[in-house]
Amino acid sequence: MSSTKIQVRGQLLPRIPARNHRMIYSVVCGVSTKRHHRESSLLSRETCPSSDSVPTKTDKSQFLCGDVDGKFGRFGGKFVPETLISSLKDLEDEFNCLLSDQEFQEELTTALRDYVGRETPLYFAGRLTEHYKNIGRTIGVGPEIYLKREDLSHCGSHKINNALAQAMIARRLGCSHVVAATGAGQHGVATAAACAKLSLECTVYMGATDMEKQFFNVLSMKQLGAQVKSVKGTFKDASSEAIRHWVENLDSTYFLLGTVVGPHPCPIMVREFQSVIGKETRRQAHQLWGGKPDVLVACVGSGANALGLFHEFVGDEDVRLVGVEAAGLGLDSGKHSATLAVGHVGVYHGSMSYLLQDDQGQILKPHSVGVGLEYPGVGPEISFLKQTGRAEFYTATDQEAIQACMRLSRLEGIIPALETSHALAFLDKLIPTLRDGAKVIVNCSGRGDKDLDTLIQRGISFPNC
């Protein structure tokens, strides 16, 4: 059995071939993370955005395609045992074929329109725009704020875009069973719905603590016919269990990944199916004001909703891409999910990216009031956007996100998910730096009715903004 090598900081490191399932778990699931898979260069912590921080000229092709192995610079790849290579190759071949398969594309387009409810509106948030004008300016009209309303999609978030497309692939590959992992439950609900529509069996793994916080979504998954399995821990632990399930049932089971992590081709597939968000946004912006947005803003957990919005615009140098991570209780508290702010490069769940890990290379437990952001890593393409400077990344705390959730609810009658609320919170720092008339689009990636129990448990009294 051959051995593939990777190079980190000038040192060649062998990837040991897997001899049994236990070793597969170790390599793919991150049960045992080796210190030599970590780079010690600490990323600087971001502070406040500059009004003129538009990135310099970029090579569009490197962002759009990656290389033939699914790598973006040094990020990505297939850090998996050879027993999984064949399944991943079959998946890659099918995916590449479907990109130009007219029958599949027509079926997907019809389903996105009639089942998901696309296209989703690009909504001018007039009262939110006026709020920032009143608190931050004495003259001028200020920037205009728009929301890309992914919360209006079937199942209440952007997750259905990818779940439906991949469930269609699972059916074409002859898989009768789909397995997935979910954090906030939105991907689980979307996967359960897609499987019900396509007559596929569905098993969703979810962290026990997340199941308590998102009980409504657990009930929704069960109502849709999915088997929901509790895992001790949070989303990262549920992901590892889902991978174990897949590894043990490769012949009949499809692993439906909900975000832009994992071994190639998984991150590129998810990004491709979520890129409908940015494509619609470009078209809608042209219809509304005859141009492009000036700034795009999205929350970042592992990166699916952000890339869904950003990808269409990475070659547009005059469009700023702003991602907002979860600072939790503060970056110095150790209780956060700010991978890009304080993380290191390493290998986890089958690919190389920025990770939250300790001095021994062990994965740290992430924290956020938005449980969908509780993942200790980001996707390889997001890592590349960070490293190259094409996108900017900042943070918002739990409290800032809660305040932003309350603000949008009261000003616009829209209850955003607490994940989305991190992006909305950053407007406090962003808007004062922008010119009059600047067009800002925030990806409203999910609705927040799932989070009302969390707000009540935190003693939120729902005061006026």
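# Reading a Predicted Protein Model

Analyst: Let us begin with one residue: Arg283 is partly exposed, and its relative accessible area is 42%. In this vocabulary, buried means under 20% relative accessible area, exposed means over 50%, and partly exposed lies in between (1.4 Å probe, protein chains only). This is a predicted model, in which local features need pLDDT of at least 70 and side-chain atom pairs count only at pLDDT 80 or more, while totals for chains, interfaces and linings use all residues. Residues are numbered from 1 along each chain as its sequence is written, and side-chain values use heavy atoms, with hydrogens and water left out.

User: How many helices and strands does the protein chain have?

Analyst: Helices (H or I, at least four residues) and strands (E, at least two) are DSSP runs, numbered from the N terminus. The protein chain contains 19 helices and 16 strands.

User: What share of the residues in the protein chain is buried?

Analyst: Of the 465 residues, 60% are buried. The accessible surface, obtained by the Shrake-Rupley method with a 1.4 Å probe and with only the protein chains shown counting as cover for residues, comes to about 18,200 Å². Carbon and sulfur atoms hold 50% of that surface.

User: What share of the contacts joins residues 24 or more positions apart?

Analyst: A contact means heavy atoms within 4.5 Å. Among contacts with a separation of 6 or more, 77% are between residues 24 or more positions apart.

User: Which residue meets Arg283 in a salt bridge?

Analyst: Side chains of opposite charge can pair when their charged atoms come close. A salt bridge here is a side-chain nitrogen of Lys or Arg within 4 Å of a carboxyl oxygen of Asp or Glu. The search of the whole structure finds 28 salt bridges. Arg283 forms one with Glu119, at 2.9 Å from N to O. This pair links distant parts of the chain: Arg283 belongs to helix 12 (residues 276-289), while Glu119 sits in the loop between helix 4 (102-116) and strand 5, 164 residues apart. Glu119 is partly exposed, at 36% relative accessible area.

User: Where do Glu241 and Arg244 lie?

Analyst: Both residues are in helix 10 (residues 235-248), 3 residues apart, about one turn of the helix. Their side chains meet in a salt bridge of 2.9 Å, N to O. Glu241 is partly exposed, with a relative accessible area of 28%, whereas Arg244 counts as buried at 17%.

User: Are Arg271 and Glu381 buried or exposed?

Analyst: Their side chains form a salt bridge of 3.0 Å, N to O. Arg271 is in helix 11 (residues 266-274) and Glu381 is in helix 15 (residues 380-388), so the pair ties together parts that are 110 residues apart in sequence. Both residues are buried. Salt bridges may also share partners: Arg282, Lys292, Glu312, Asp316 and Asp318 are joined into one network in this way.

User: In what order do the 4 strands of the open sheet stand?

Analyst: Strands of a sheet pair through backbone hydrogen bonds, either parallel or antiparallel. Two strands are said to pair if DSSP finds at least two bridges between them. Here the order is 9-8-7-10, with parallel pairing. Strand 9 (227-231) and strand 10 (253-255) are the edge strands, each pairing on one side only. From one strand to the next, the twist averages 25°; axes are lines fitted to C-alpha atoms, for helices over the stretch in contact, and angles run from 0 to 180 degrees between N-to-C directions. Strand 7 (residues 177-182) and strand 10 are joined in parallel by 3 bridges, and His177 has Thr253 of strand 10 as its bridge partner.

User: Which strands does helix 10 touch?

Analyst: Consider helix 7 (residues 186-198) beforehand: this helix lies across strand 7 and strand 8 (201-207), at about 165° to strand 7. Helix 10 packs on the sheet and touches strand 7, strand 8, strand 9 and strand 10, with its direction at about 165° to that of strand 7.

User: Which strands are joined to strand 6 by bridges?

Analyst: Strand 5 (residues 122-124) pairs with strand 6 in the antiparallel sense over 3 bridges, with Leu122 opposite Lys148. Strand 16 (residues 439-444) runs parallel to strand 6 and is joined to it by 6 bridges; Leu147 stands opposite Val442 there. Strand 6 (residues 144-149) is mostly covered, as 5 of its 6 residues are buried.

User: What is Arg149 in contact with?

Analyst: Arg149 lies in strand 6 and is buried, at 11% relative accessible area. Apart from neighbours within four places in sequence, Arg149 contacts Thr120, Pro121, Tyr123, Ile414 and Cys444.
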